[in-house]
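Trainee: Could you take me closely through the salt bridges of this model, and through the surroundings of the residues that form them? I would like one connected account rather than a list.

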Amino acid sequence: MYIICRGAVEIWKSAGQGERFELAVLTAGMLFGEMAVFENRLRSASATALDDVEVLSLAGEDFASLGKAAPHIAVKVQRSLLEVLAQRITQTAANIEQGSDQPDEDIAGKLAVPKRNKQKAKVDGFSKALTAAPLFSVLEEDEVKVTSGLLHMVRFEEGASVFQSGMHDPVLFVVNEGELKIGLPGADDSDLEVVGPGGIIGTAELFSDGVRATNASVSSEVEVLMLTGKALSFLATQKPPIAFKIHGVLLELLSQQLREVSTELVESEDASKLGQGPAAQQADAAGAEDEEEEEIIVEVSLDEVDPD
């Protein structure tokens, strides 16, 4: 992970026909490469220094050591990273939707949250699938008991709406029994994502503005666990080692989600260019060549930057 001290860095992904698609331009005080701290996988985007750049770096193993030695500090860093990822996911999703049909009225945050009959969750009420879910499998038995005391269990009857797009509902759901169907408003059944036991929904909303971008419904009776931001904050202050483990799982989930929406954004841009026609494509190519001749970009391998 890199924190920019001076200069500007462009984050981009390869697009079709040898082109590149700009995801963001980051300046001093901003960070990038955070997903590599939590995922043992290849970089999904490239970083180019637009001028002379100085960065601070933090390796994954160093962050893991910080979590063991000072979890109360590490959870604060994790919280900031979760908010950054959630914001980037929200913005990228908004960029994808630009140009699509939008409702005449902006309903974001105006829909009321439906009444939910909540019950305190109990460890013995967890299904085997749930205890094996990533969010809880990283915890020791005594840690699961502590966490369960902060969860609420809710049952939804067949045909019920769990939440709707535009609803302000900063709550994390973990499916215990049954299945939830997640999709954009007006989506066909074939386009709906089915989330079963152990599945987690609402991570981005928990760390952003809390406004739902999708709908969630049930086709048969469903039981879910709810984790609120208040409960997670309690763990961060009172039980940092537990919060550190849970934050780690949520960071991996958001990292994967950001990879997916970033790829979708690039693909949607490629698709729109294919629909422009030969003349427009030639004009774009000519413009790109002109820009390439005028622009001087120094690319650096930031993995090799010496923090000293």
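Mentor: A salt bridge here is a side-chain nitrogen of Lys or Arg within 4 Å of a carboxyl oxygen of Asp or Glu. By that criterion Lys-245 forms a salt bridge with Glu-143, and their closest N and O atoms are 3.0 Å apart. Since Lys-245 belongs to helix H9 (residues 240-274) and Glu-143 to helix H6 (residues 141-148), this pair ties together parts that are 102 residues apart in sequence. Lys-245 is partly exposed, at 27% relative accessibility, whereas Glu-143 is buried, with a relative accessible area of 12%; the latter value falls in the buried class because that class covers anything under 20%. Please keep in mind that the model is a predicted one, and that a search of the whole structure finds 10 salt bridges, among them the pair just described.

Another of these pairs joins two strands. The side chains of Glu-223 and Arg-155 meet in a salt bridge at 2.3 Å, N to O. Glu-223 lies in strand E15 (residues 222-228) and Arg-155 in strand E8 (residues 152-156), so the two tie together parts that are 68 residues apart in sequence. Glu-223 counts as buried at 7% relative accessibility, while Arg-155, at 41%, counts as partly exposed. This pair also belongs to a network, in which salt bridges that share partners join Arg-155, Glu-177, Glu-221 and Glu-223.

A further pair lies between strands that carry lower residue numbers, with the side chains of Arg-20 and Glu-10 meeting in a salt bridge at 2.8 Å, N to O. Arg-20 sits in strand E3 (residues 20-26) and Glu-10 in strand E2 (residues 9-14), so that distant parts of the chain, 10 residues apart, are linked. Here Arg-20 is partly exposed, with a relative accessible area of 31%, and Glu-10 is buried at 7% relative accessibility.

Finally, it is worth returning to the helix that holds Lys-245, because helix H9 is also where Arg-259 is found. Arg-259 counts as buried, at 8% relative accessibility, and its side chain makes a polar contact of 3.0 Å with the side chain of Ser-44. Leaving aside residues up to four places away in sequence, Arg-259 touches Met-35, Glu-39, Arg-41, Leu-42, Arg-43 and Ser-44.

Conventions:
Residues numbered from 1 in each chain as written. Predicted model: local features only at pLDDT ≥ 70, side-chain atom pairs only at ≥ 80, totals over all residues. Heavy atoms only, no water. Helix = DSSP H or I, 4+ residues; strand = E, 2+ residues; numbered from the N terminus. Buried < 20%, exposed > 50% of the residue type's maximum accessible area, 1.4 Å probe, protein only. Polar contact = N/O pair within 3.5 Å; in protein donor to acceptor, adjacent residues only side chain to side chain. Contact = heavy atoms within 4.5 Å.
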